[in-house]
Amino acid sequence: MHISEGVLSLPVLSAGAVLSVVGVAIGLKKLKQEKMVQAAVLSSSFFVASLIHIPVSFSSVHLILNGIVGLLMGWAAFPIILIALFLQSIFFQFGGLTVIGVNTFVLAFPAVLAFYIFSPLIKNDKQRLVFFFAFLCGFFTIFCSALLLVLTLFLTDQNFLKLALVVLASHFPVMVIEGFITAFCVLFLKKVGYL
C-alpha cells in the first residue's frame, strides 16, 4: 500500500508529514521502556510482511499487519510503522522519502483507531467473540488504510479517482487475509496469557 514518489501533490505531502510527525511524537511519548522489544518485533514483522507485494497502478497490494500492531501498541504504531517504512524505502525503494509521512499516516492512523475500538472488545472470555472482533480489527485497519489511500489520491487530482478505486477493490482479499491473521494472533496471545 506504499504510494510511490512523484504522485502526490505538495499540500497532500505536507499534510501527511505534519500528521505523521504529531502521531510519532505522541507514540514516542506513550511508548514505555518495557515495550521497546515488543515494538522492535512488531516493526520487523511489519517490515517483513510487506516486502512481498504485488504492484497495482501507482501503489501495491501486500500484507501489512497494522491491525495487530495497533491492537497491541496503540499510538506507538506511528513510530513502529515509520521505522519499517523508512528501512523499506532505503533498502528496497518501496514508497520513498518524500511520501513517507503520507504512507505512515495512511497505515498508522487506522492502527490507532483499531486500538481504541477493538482493545476493549477482545478482553472478552468467549473465544468466538474474541475471534470475531480480532478478525474485524484486521479487516477494519486495511479497509481504513485503503480509504485513506483513495482520499490522498483524490485530494491530489480528481482524475486519480478511478485508479484509486481499483486500488481499493484490489485490497479486499488482503482485508480478509489480514482479518484471519489478526484473529489467530490474538487467540494465540490470549492462550499464552499475553492479552
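**Exercise 1. Gly 23 and its surroundings**

Determine whether Gly 23 is buried or exposed, and state which residues distant in sequence are in contact with Gly 23.

*Solution.*
Step 1. Gly 23 has a relative accessible area of 1%, so Gly 23 is buried. The model examined here and in the following exercises is a predicted one.
Step 2. The residue belongs to helix α1.
Step 3. Once neighbours within four places in sequence are set aside, Gly 23 is in contact with Trp 75 and Phe 78.
Step 4. As a further reference point, the C-alpha atoms of Gly 23 and Leu 42 lie 17 Å apart, with the two positions 19 residues apart in sequence numbering.

**Exercise 2. The ring pair of Trp 75 and Phe 78**

Classify the arrangement of the rings of Trp 75 and Phe 78.

*Solution.*
Step 1. A pair of aromatic rings is described by the distance of the centres and the angle of the planes.
Step 2. The structure contains 13 aromatic pairs.
Step 3. In the pair of Trp 75 and Phe 78, the ring centres are 5.8 Å apart and the planes stand at 20°, so the pair is stacked. The cut-off for this class is an angle under 30 degrees.
Step 4. Phe 78 is buried, because its relative accessible area is 1%.

**Exercise 3. An aromatic cluster**

Describe the pair formed by Phe 131 and Phe 184, and state which residues ring pairs link into a cluster with them.

*Solution.*
Step 1. The centres of the rings of Phe 131 and Phe 184 are 5.3 Å apart and the planes make an angle of 70°, an edge-to-face pair.
Step 2. This pair links distant parts of the chain: Phe 131 is in helix α6 (residues 127–156) and Phe 184 is in helix α8 (residues 172–191), 53 residues apart.
Step 3. Phe 131 has a relative accessible area of 22% and is therefore partly exposed. Phe 184, at 51% relative accessibility, counts as exposed.
Step 4. The cluster joined by ring pairs consists of Phe 131, Phe 135, Phe 139, Phe 180 and Phe 184.

**Exercise 4. Two glycine and threonine positions in α5**

Establish the accessibility of Gly 101 and Thr 104, and list their contacts beyond four places in sequence.

*Solution.*
Step 1. Gly 101 is located in helix α5 (residues 100–118), and Thr 104 is found in helix α5 as well.
Step 2. Gly 101 is buried at a relative accessible area of 10%; Thr 104 is buried at 0%.
Step 3. Beyond its sequence neighbours, Gly 101 is in contact with Gly 16, Ala 17 and Ser 20. Its C-alpha atom is 4.0 Å from that of Ala 17, although 84 residues separate Gly 101 and Ala 17 along the chain.
Step 4. On the same basis, Thr 104 is in contact with Ser 20, Phe 78, Ile 81, Leu 82, Leu 85 and Phe 109.

**Exercise 5. Met 73, the nonpolar core and the α2–α3 contact**

Identify the residues with the most contacts inside the largest nonpolar core, and characterise the packing of α2 and α3.

*Solution.*
Step 1. The largest nonpolar core comprises 61 residues, and Leu 8 and Met 73 have the most contacts inside it.
Step 2. Helices that each supply at least two residues of this core include α1 (10–30), α2 (36–49), α3 (66–73) and α4 (77–92). Helix α6 gives the largest share, 11 residues.
Step 3. Apart from neighbours within four places in sequence, Met 73 is in contact with Leu 31, Lys 35, Gln 38, Ala 39, Leu 42 and Ile 80.
Step 4. The axes of α2 and α3 come within 10 Å and cross at roughly 170°. Helix α2 is therefore roughly antiparallel to α3, the cut-off being over 145 degrees.
Step 5. Gln 38, Ala 39 and Leu 42 of α2 meet Val 69, Leu 72 and Met 73 of α3. By class, this contact has five nonpolar, one polar and no charged residues.

**Exercise 6. Helices α7 and α8**

Decide whether α7 is roughly parallel or roughly antiparallel to α8, and place Phe 172 in this setting.

*Solution.*
Step 1. The axes of α7 and α8 come within 4 Å and cross at roughly 30°. Helix α7 is therefore roughly parallel to α8.
Step 2. The contact is formed by Leu 168, Ala 169 and Ser 170 of α7 with Phe 172, Pro 173 and Met 175 of α8.
Step 3. Phe 172, in helix α8, counts as partly exposed at 38% relative accessibility.
Step 4. Beyond four places in sequence, Phe 172 is in contact with Phe 139 and Phe 143. The C-alpha atoms of Phe 172 and Phe 139 are separated by 8.7 Å.

Methods. Residues are numbered from 1 along each chain as its sequence is written. This is a predicted model: local features need pLDDT of at least 70, side-chain atom pairs count only at pLDDT 80 or more; totals for chains, interfaces and linings use all residues. Side-chain values use heavy atoms; hydrogens and water are left out. Buried means under 20% relative accessible area, exposed over 50%, partly exposed in between (1.4 Å probe, protein chains only). Contact means heavy atoms within 4.5 Å. Rings of Phe, Tyr and Trp (its six-membered ring) pair if their centres lie within 6.5 Å; planes under 30 degrees apart count as stacked, over 60 as edge-to-face and the rest as tilted. A nonpolar core is a set of buried Ala, Val, Leu, Ile, Met, Phe, Trp, Tyr and Cys residues joined through side-chain atoms within 4.5 Å. Axes are lines fitted to C-alpha atoms, for helices over the stretch in contact, and angles run from 0 to 180 degrees between N-to-C directions. Angles under 35 degrees count as roughly parallel, over 145 as roughly antiparallel, 65 to 115 as roughly perpendicular and the rest as oblique. Ala, Val, Leu, Ile, Met, Phe, Trp, Tyr, Cys and Pro count as nonpolar, Asp, Glu, Lys and Arg as charged, and the others, Gly among them, as polar.
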